[in-house]
Amino acid sequence: MELFPSREERPAMSLILPVLFALIAAVGNAIFAYGQKQSSGEANGLLFVGASALVAVLLSVAASPLLGRFDPISLIKSDLRPILIGGAGLFLTYLGFNLLYTRFGASHYVLYAALSILTTTLVVGGLILREPMNIYHFVAIVLAIAAVVLFTLGQARS
């Protein structure tokens, strides 16, 4: 039995669960940003990111039985290409976080968040995967663009 039911299993949860899951990711990101800012970072900030990623791997493997079948060998055999693509994506995320947080600080996260809306929702979700989008999604995309513009203007005036 999985820890979190799917949308189909509990329709009433279809509004609450996405917000809860996004909150988990947001809190995790905030903790990561805090950890990176607390590290010395003098020698090699990317090495810190790699070491923290190793901790994330260990925690992911430990928690994975809570979310479904635990069969790592079968997973690697059937999903090697997506694993490599996802790993490259995580590397770019960690690299970008490292460069952004160490050079500009956690307050610049708004740029990452807004650009993630554009790249993930619009490009991956909308264009590549053809997931359904409605007017609310498009308004969110416009607001994300506005956030990037306003943040950039705010930085220019600081």
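Reader: What is the mean pLDDT of the protein chain?

Author: Keep in mind that this is a predicted model. Of the residues in the protein chain, 89% reach a pLDDT of 70 or more. By element, H1 has the lowest mean pLDDT, 86, and H2 the highest, 91. For the protein chain, the mean pLDDT is 86.

Reader: H3 covers residues 72–104, so what does it span between its end C-alpha atoms, against 48 Å for a straight helix?

Author: H3 has 33 residues, and at 1.5 Å a residue a straight helix of that length would span 48 Å. H3 doesn't get there: its end C-alpha atoms span only 38 Å.

Reader: Where does H3 bend, and which proline follows within four residues?

Author: The bend in H3 is about 85°. Asp79 is where that bend sits. The proline that follows within four residues is Pro82.

Reader: Which helices do the buried residues of H3 pack against?

Author: Start with the buried residues themselves: in H3 they include Phe97, Asn98, Leu100 and Tyr101. Just past the end of H3, Gly105 takes a positive phi of about 100°. As for the packing, the partners of the buried H3 residues are H1 (16–38), H2 (45–63) and H4 (109–128).

Reader: Which element gives the most to the largest nonpolar core?

Author: That core has seven residues: Leu111, Ala114, Leu118, Ile141, Ala144, Val148 and Phe151. Two or more of them come from each of H4 and H5 (135–156). With four residues, the one that gives the most is H5.

Reader: Leaving aside neighbours within four places in sequence, which residues is Val148 in contact with?

Author: Val148 belongs to the largest nonpolar core. Two other members of that core, Leu111 and Ala114, turn up among its contacts. Beyond neighbours within four places in sequence, the full set for Val148 is Leu111, Ala114 and Leu115.

Reader: How far apart are the C-alpha atoms of Thr121 and Phe138?

Author: Thr121 lies in H4 and is partly exposed, at 31% relative accessibility. Setting aside neighbours within four places, Thr121 is in contact with Ser116, Gly126, Met133 and Ile141. Phe138 is 17 residues from Thr121 along the chain, and their C-alpha atoms are separated by 9.7 Å.

Reader: Is Arg69, which meets Asp71 in a salt bridge, buried or exposed?

Author: The side chains of Arg69 and Asp71 meet at 3.0 Å, N to O, and the count of salt bridges comes to one. Asp71 is partly exposed at 31% relative accessibility. Because its relative accessible area is 68%, over the 50% cut-off, Arg69 counts as exposed.

Methods. Residues are numbered from 1 along each chain as its sequence is written. This is a predicted model: local features need pLDDT of at least 70, side-chain atom pairs count only at pLDDT 80 or more; totals for chains, interfaces and linings use all residues. Side-chain values use heavy atoms; hydrogens and water are left out. A salt bridge is a side-chain nitrogen of Lys or Arg within 4 Å of a carboxyl oxygen of Asp or Glu. Buried means under 20% relative accessible area, exposed over 50%, partly exposed in between (1.4 Å probe, protein chains only). The expected span of a helix is 1.5 Å times one less than its number of residues. The bend at a residue is the angle between axes fitted to the seven residues ending there and the seven starting there. Contact means heavy atoms within 4.5 Å. pLDDT is the predictor's confidence in each residue, from 0 to 100. A nonpolar core is a set of buried Ala, Val, Leu, Ile, Met, Phe, Trp, Tyr and Cys residues joined through side-chain atoms within 4.5 Å.
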